[in-house]
Amino acid sequence: MMYGNRELLADWQNNVDKIALLTKHSITRTSKKLRLSDLLNTVSTGKILGASEHKINGRKMLSTHGSTTNAVPAFLECLSPEQLPVFLKAFYPELLLRVDYHQACTLVESNLKQLPAQRSKCPSETKDLFVPTSKLDAIRDDKKLLLDCWRGINYAAINQFAGASLVKTAGRGVYLSWDIINSMLKYPQRATRNKVYNALQLLQIAGFVRLAEDRELTPVGLGLQTVTKNGVTVRKHNVFILNDFDQSDSKLITDNLRLDLTTRVSKAIIEKILGCENAKSYFPSIKSGVDEVTIGRFKKAIEDKGLTPISTLSDAVNSMKSDLGISGEQARLYIDQLCQYKPLHLAKLKKTDAVAWGYDLTGFENIHSSQKLLVVEK
């Protein structure tokens, strides 16, 4: 988005007097702020950036020409993360910066510079994961949200500018939850809680971010991993380690999964992609979903099927309900997870689409044209 003071902020070191006027503030209101989002919620961020500001659910949002975004991504669109520590020290000297804050900002700057913006400027696997092929790309919205979540996680890593580091590796610790990621999104209107969590899961599978293990956490990080509810200590898994963009492996997603942010990948499928030990270490909160046995049964069912449907979708749901003793809703979720796992080549198609794709509908001629079939893709 185009902010009125974008060029001024980009070259702030040669415009110190003008920026000092824009950032004039009450020290008593800002001195105890620990997060960039809290600071921007307190000061006149719209004035600083040259945008109109308003609040939604108590959170400051900025708008230009009808586009609305969160304050942190708007601010960092005008000022590079690497300059942020120096900028804060110059115009908000009352703030205490975290010991490893410079390292966090440097890592984020490196990651953001490698964000795929055009299909011609990034590896093919990264294009397939993050960049829509065109405006007609069926998964265009999911790709854009996944990219926004990756950007948001980086912003979350530098949002906490004060306090102690969470992990022992400087600058890489980040506490993530739905609220935190959502408050860092450039386009929060695209996000739902489920899609954000599923995006985080996919980014974990590809290694863009991973769950921190206890041995990697500082005492503060360990404290955030547990919470007491009604006198019972409950284990949480919210402290992550941010990795370098170029050291992640997009192929783990593009080779194994169809991008579908409405469906959570099951534990058994993660084990097939990453191995049992990695799944256990980095995805401890995922317990349910389609299992290894069910995956094996469908593998056997699709052998030598060619262009012939396996069954109607409703028959597959009823069969799974009966065999596994689960609800219809759960059975549909399991089938969605099976279709998500690329090596199975399973897909759901309407009868009319199956005809158009040349499937042999022997035995399925009498079903309604809108009824869905479970087919084997070729």
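**Entry 1: the largest pocket**

I began with the lining of the largest pocket and noted that H10 gives the most to it, with five residues. For my own record, a pocket is an open set of points on a 1 Å grid over the protein atoms alone, with protein on both sides within 12 Å along at least five of seven lines, whereas a cavity is a set of points where a 1.4 Å probe fits but cannot get out; lining residues have an atom within 4 Å of a point. The helices I cite (H or I, at least four residues) and the strands (E, at least two) are DSSP runs, numbered from the N terminus.

This is a predicted model, in which local features need pLDDT of at least 70 and side-chain atom pairs count only at pLDDT 80 or more, while totals for chains, interfaces and linings use all residues. Residues are numbered from 1 along each chain as its sequence is written, and side-chain values use heavy atoms, with hydrogens and water left out.

I read the volume of the largest pocket as about 560 Å³, a volume being the space filled by probe spheres set on the grid points, which are joined across faces, edges and corners. Its lining comprises 23 residues, and Leu112, Leu115, Ala117, Arg151 and Lys186 are the ones nearest the centre. Two or more lining residues come from each of helix H6 (71–78), helix H8 (101–113) and helix H10 (140–159). I sorted the lining by class and found 13 nonpolar, one polar and nine charged residues, where Ala, Val, Leu, Ile, Met, Phe, Trp, Tyr, Cys and Pro count as nonpolar, Asp, Glu, Lys and Arg as charged, and the others, Gly among them, as polar.

**Entry 2: the second largest pocket**

I then looked up the second largest pocket, whose volume is about 440 Å³. It is lined by 17 residues, with Ile139, Arg258, Leu259, Asp260 and Cys339 closest to its centre. Helix H9 (124–130), helix H14 (251–254), helix H19 (328–340) and strand E10 (346–350) each supply at least two residues of this lining, which by class holds nine nonpolar, two polar and six charged residues.

**Entry 3: aromatic rings**

I searched the whole structure for aromatic pairs and obtained ten; rings of Phe, Tyr and Trp (its six-membered ring) pair if their centres lie within 6.5 Å, and planes under 30 degrees apart count as stacked, over 60 as edge-to-face and the rest as tilted. Trp12 and Phe87 make an edge-to-face pair, at 5.4 Å centre to centre and 90° between the planes. This pair links distant parts of the chain, 75 residues apart, with Trp12 in the loop between helix H1 (6–10) and helix H2 (16–22) and Phe87 in helix H7 (residues 84–91). Trp12 also pairs edge-to-face with Phe91, at 5.6 Å centre to centre and 75° between the planes, and here the two residues are 79 apart along the chain, Phe91 lying in helix H7.

Trp12 and Phe87 are buried, as are both Trp12 and Phe91, where buried means under 20% relative accessible area, exposed over 50%, and partly exposed in between (1.4 Å probe, protein chains only). I noted that Trp12, Phe75, Phe87 and Phe91 form one aromatic cluster.

I also recorded a charge over a ring: the charged end of Arg190 sits over the ring of Tyr187, 4.3 Å from its centre, the criterion being NZ of Lys or CZ of Arg within 6 Å of the ring centre and within 35 degrees of the ring normal.

**Entry 4: single residues in loops**

Thr23, in the loop between H2 and helix H3 (27–30), counts as buried because its relative accessibility is 4%. Its side chain reaches the backbone oxygen of Ile19 at 2.8 Å and that of Ala20 at 3.5 Å.

I checked for positive phi outside glycine and noted Asn57, at about 55°, in the loop between strand E1 (52–56) and strand E2 (59–64); Asn57 has 81% relative accessibility and therefore counts as exposed. His345 has a positive phi of about 60° and is likewise not a glycine, and its place is in the loop between H19 and E10; with 40% relative accessibility, His345 counts as partly exposed.

**Entry 5: the whole chain**

I closed with the overall figures: the protein chain has 20 helices and eleven strands, and buried residues make up 49% of its 378 residues. Its C-alpha atoms fill a box of roughly 80 × 50 × 35 Å, taken along the principal axes.

Notes
A polar contact is a pair of N or O atoms within 3.5 Å; within protein, one must be able to donate a hydrogen and the other to accept it, and residues adjacent in sequence count only if both atoms are side-chain atoms.
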